[in-house]
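I opened a new page for this one and went through it a topic at a time. Here are my notes, in the order I looked things up.

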Amino acid sequence: MLLIPVLGDQLSVSLASLMDVDPACAVILMMEVRDEATYVRHHKKKIAFIFSAMRHFAVAMRDLGWVVDYVNLDDPGNLQSIDAEVKRAVERHHPSAIRVVAGAEYRVRQRQDQWAALTGLPVEILEDDRFICSLSQFYTWAQARKEHRLEYFYRDMRRKTGLLMTPEGKPEGAKWNFDQDNREKPRAGLTYPPPERFVRDAITDEVIALVAAEFDEHFGDLEPFGLPVTREQSRSALAQFIATALPDFGRYQDAMLAGQDYLFHSSLSLCLNVGLLDPREVCQAAVDAYSRGEVPLNAAEGFVRQIIGWREYVRGMYWWDMPKLVDRNVLDADRALPDFYWTGDTQLRCLAQSIDQTKREAYAHHIQRLMVLGNFALIAGIDPKQISDWFLVVYFDAFEWVELPNVMGMSQFADGGMIASKPYASGGAYINRMSDYCGDCFYDVKQKTGATACPFNALYWDFLARHEERFKKNMRMANSYATWRKFPETTQTEYRQSAAAFLEKLVPAEPEWARKKT
């Protein structure tokens, strides 16, 4: 008999460990353990989503004829760690072997390697084939290149999948990407179709009560809760997004509007990252809508690129650079994370809006994450490990394999340019152009220095000045440095003094707030 542990981000009926197995000769083990909920203090809504999705998956697998040994968080015998619960399950069921899909996170995968010694049983660890690019394929791609740029990986993935490719092997529309069409400034009065919300059942109600009782000190709002927690609900959410939001997703994907949490973005990443949706079916749905003439090419291509391009790419880069990636900090940033990242109590309206939304929804779209929350941390010199921990805590789709390379590489440039060819740093002008955040802000985005000037302006130039030796030869930053050098010395001094004055007022968060205390 086989013992088949299924982890909380492996909720797929076609999981590799379940294939070619007679359900009569196996036990599926599923575990809610405190260690996984608290190794960082995950957003309450994220914990509730994963536990509810796990419990619904267990029901679905039982309906398919599988025996499921499900350990609830509050079961009296629960030892509250995956390793201990695997060992305890072996003692209950006396299997001949363990079969499991490799953990998506480095720390989980390292622990799986110890299960044979822990249990005295043979352990078969299978590759997670729910990703389109296997790790061995990614390593082959990476080893053949000095620079690992997304664009070239993405083109290979288009060829591999055939998505948005002509019969002649050319990209649809004769271009690989349509980013230039995807930066439209949001117009006044623009409204979005809100994502589908789902009525809670008794299982989810029970999970909500459990999370409220056990994790009340964690960040974020638990209620209201209407996330998709089953395969059927996830497919419904996909269909609703394709029909109502994807047509405008492309041109407005960089836009930000106060009070419009999702705009035309999907929240399907949480369903993808736990296995309720498959990346191939999500991309195919977008391509099919384009083929029917319901979605413009720039929207379909931009969406597909996020999944078969960026999602697959950062997963590969995560494993390529682990475990060193955790401690990357080439810019020597060491400022403590400001307290307002947890409270939202700041006069910077763009940050206050994004943090408030994050607290309520456990979600913010990629431009809010990159160009507001990440950009501020970058130009303010925040310790990349602290901001990375924050991102891992607060978002419902954040698992280390996708969060860490996004933050360390794309957002904070802590990896020295392995992922991004330049730091994604900007002043207030970008935020003003792509949002309505600046209109009612305490700070004046058009004012460059002084107590009421937008801090992003001075912090941006201060960031360039601090790191001139590193970036002065970067061709993508040549115009910025040319502008900086044209400033009179008095102007440069004013920028740097304004930045220093603002940074002195930042109140640091409680130390180690995000990480579980041991």
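**Helix H20**

I started with helix H20, residues 455–466: its 12 residues reach 16 Å from the first C-alpha to the last, close to the 16 Å expected at 1.5 Å a residue. A reminder to myself before going on: this is a predicted model.

Next I asked how many of the residues of H20 are buried. I found 11 of the 12 buried, so the helix is largely enclosed by the rest of the structure. I wrote the buried ones down: Pro455, Phe456, Asn457, Ala458, Leu459, Tyr460, Trp461, Asp462, Phe463, Leu464 and Ala465.

Then I looked up what covers them. The cover includes helix H15 (349–361) and helix H16 (366–380). I also noted helix H19 (428–434), helix H21 (468–471), helix H22 (478–486) and helix H23 (489–504) as part of that cover.

**Cysteines**

I checked for disulfides and counted 0. Why is cysteine 438 not bonded to cysteine 454? The closest cysteine sulfur to that of cysteine 438 is the one in cysteine 454, and at 6.1 Å it is too far for a bond. I had the 2.5 Å cut-off in mind here. From the other side, cysteine 454 is in no disulfide either, with the sulfur of cysteine 438 as its nearest, 6.1 Å away.

Are these two buried or exposed? I get 16% relative accessibility for cysteine 438, which counts as buried. Cysteine 454 is buried as well, with a relative accessible area of 7%.

**Nonpolar cores**

The largest nonpolar core has 171 residues. Met30, Tyr341, Leu351, Phe376 and Trp390 are the ones I noted as having the most contacts inside it. Helix H13 (residues 297–321) gives the most to this core, with 13 residues.

I picked tyrosine 341 for a closer look, leaving aside its neighbours within four places in sequence. Its contacts are Phe219, Leu351, Ile355, Leu373, Phe376, Ala377, Ile387 and Trp390. Leu351, Phe376 and Trp390 are in that list, and I had already met them among the residues with the most contacts in the core.

I also logged a second, separate core of 16 residues, which includes Leu29, Ile82, Val86 and Ile98.

**Strands**

Last, I followed strand S1 (residues 2–5). S1 pairs with strand S2 (residues 26–31) in the parallel sense, over 4 bridges. In that pairing, isoleucine 4 has isoleucine 28 of S2 as its bridge partner.

S1 also runs parallel to strand S4 (residues 97–101), joined by 2 bridges. Which residue of S4 is the bridge partner of leucine 3? I found isoleucine 98, a residue I had just listed in the second core.

Terms used:
Residues are numbered from 1 along each chain as its sequence is written. This is a predicted model: local features need pLDDT of at least 70, side-chain atom pairs count only at pLDDT 80 or more; totals for chains, interfaces and linings use all residues. Side-chain values use heavy atoms; hydrogens and water are left out. Buried means under 20% relative accessible area, exposed over 50%, partly exposed in between (1.4 Å probe, protein chains only). A nonpolar core is a set of buried Ala, Val, Leu, Ile, Met, Phe, Trp, Tyr and Cys residues joined through side-chain atoms within 4.5 Å. Contact means heavy atoms within 4.5 Å. Two strands pair if DSSP finds at least two bridges between them. The expected span of a helix is 1.5 Å times one less than its number of residues.
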